[in-house]
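This report looks at side-chain packing, beginning with aromatic residues and moving on to cysteines and one polar residue.

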Amino acid sequence: MSQTITSEFARATAVERLSDTTFTAELDGKWKVGGAINGGYLLGIAGRALRALNPATPDPLVISTFYLGPSTEGPTDITTRILREGRSTANFGIDLSQNGAPTISAMATMGNLGGLPDDVATTAEPPHLPPPEECISVAEASDDFHQAAPLIDRFDMRLDPATAGFAVGKPSGRGLLQGWIRLIDDTDPDPLSLLTFLDAFPPVMFDLGRFNWAPTMELTAHLRALPAPGWISARISTRNIAGGMFEEDCDLWDSAGRLVAQSRQLARQPRD
């Protein structure tokens, strides 16, 4: 079935269906960080394949992903498994591999965010940020940083000056990053781009003075609502570093002030 794909993100995460349960996709090297394809971008591709399995459940409600090995640019094989299909949700397994080697194994619950109740009861608060025009654009980073993380050129990303001291060698030591994000072509956010935003910012360890890239071991994402058009604000934090690993929590809020996505990932502590 053909479809019109207009946004850069949609083109970069496009999948081709090969059978009832298998797909293929072409991983774009523009979404690399630290020499490997970014894990959030891979989540966007996985989400797009899962969306094709059941039109009644187009949106990831929760996806838990284990990263088994680095992904590189080029074709990837995608295999899915139907675990359960209910009236409002469906459960699937999904695996990505390259050259016969597994790179991702995930389980997901899919549903329809547009069909959820509108009630909200939460004590969570969005990050207190200056407006985007008063924040620091990641586009101003050094050439070396852009070369190491071409991923950042796929977004319009603005960091809160209060949490961007690491950029001038003065990390705060709090383990906190905050800022704004949207796709570079101004495409409005959707559930699949939210998956990618959850893993798009520099590692929170930068704010602790550890500047090497931190490979993700596992990431669990929860999507809570369809995002309103416009900027997404983000808060990324860590509270515990032990055993050579750390957790990174990310909350995403839409322009209407609603918490639309959350994640926690376990990553290896970068070494100096």
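## Trp231 and its partner

In this predicted model, Trp231 has a relative accessibility of 15% and therefore counts as buried, the cut-off for that class being under 20% relative accessible area. Trp180, at 17% relative accessibility, falls under the cut-off as well and counts as buried.

The ring centres of Trp180 and Trp231 lie 6.3 Å apart and their planes stand at 70 degrees, so the pair is classed as edge-to-face, a class that requires an angle over 60 degrees. Distant parts of the chain are linked by this pair, since Trp180 belongs to strand 11 (residues 176–183), while Trp231 sits in the loop between strand 12 (216–223) and strand 13 (232–237), 51 residues apart.

## Other aromatic packing

How many aromatic pairs does the structure hold? There are seven aromatic pairs, and one of them is formed by Phe155 and Phe197, whose ring centres are 5.9 Å apart with planes at 70 degrees, so that this pair is edge-to-face. The two residues come from distant parts of the chain, with Phe155 in strand 10 (residues 155–159) and Phe197 in helix 4 (residues 191–197), a separation of 42 residues. Both Phe155 and Phe197 are buried.

Phe155 and Phe197 also belong to an aromatic cluster, which they form together with Phe9, Trp31 and Tyr41.

## Cysteines without a bond

The count of disulfides in the model is zero. For Cys135, the closest cysteine sulfur is that of Cys250, and because the distance is 15 Å, the two are too far apart for a bond; a disulfide would need the sulfur atoms within 2.5 Å. Seen from Cys250, the closest cysteine sulfur is in turn that of Cys135, again at 15 Å and too far for a bond.

Are these two cysteines buried or exposed? Cys135 has a relative accessibility of 10% and so counts as buried, and Cys250, with a relative accessibility of 1%, likewise counts as buried.

## The surroundings of Asn91

Asn91 is placed in strand 7 (residues 90–98), and with a relative accessible area of 18% this residue is buried. Its side chain is joined to that of Thr109 by a polar contact of 2.8 Å.

When residues up to four places away in sequence are not counted, Asn91 touches Arg81, Ile82, Leu83 and Arg84, as well as Ala108 and Thr109. Thr109 thus appears both among the residues that Asn91 touches and as the partner in the side-chain polar contact.

Definitions and conventions: Residues are numbered from 1 along each chain as its sequence is written. This is a predicted model: local features need pLDDT of at least 70, side-chain atom pairs count only at pLDDT 80 or more; totals for chains, interfaces and linings use all residues. Side-chain values use heavy atoms; hydrogens and water are left out. Rings of Phe, Tyr and Trp (its six-membered ring) pair if their centres lie within 6.5 Å; planes under 30 degrees apart count as stacked, over 60 as edge-to-face and the rest as tilted. Helices (H or I, at least four residues) and strands (E, at least two) are DSSP runs, numbered from the N terminus. Buried means under 20% relative accessible area, exposed over 50%, partly exposed in between (1.4 Å probe, protein chains only). A polar contact is a pair of N or O atoms within 3.5 Å; within protein, one must be able to donate a hydrogen and the other to accept it, and residues adjacent in sequence count only if both atoms are side-chain atoms. Contact means heavy atoms within 4.5 Å.
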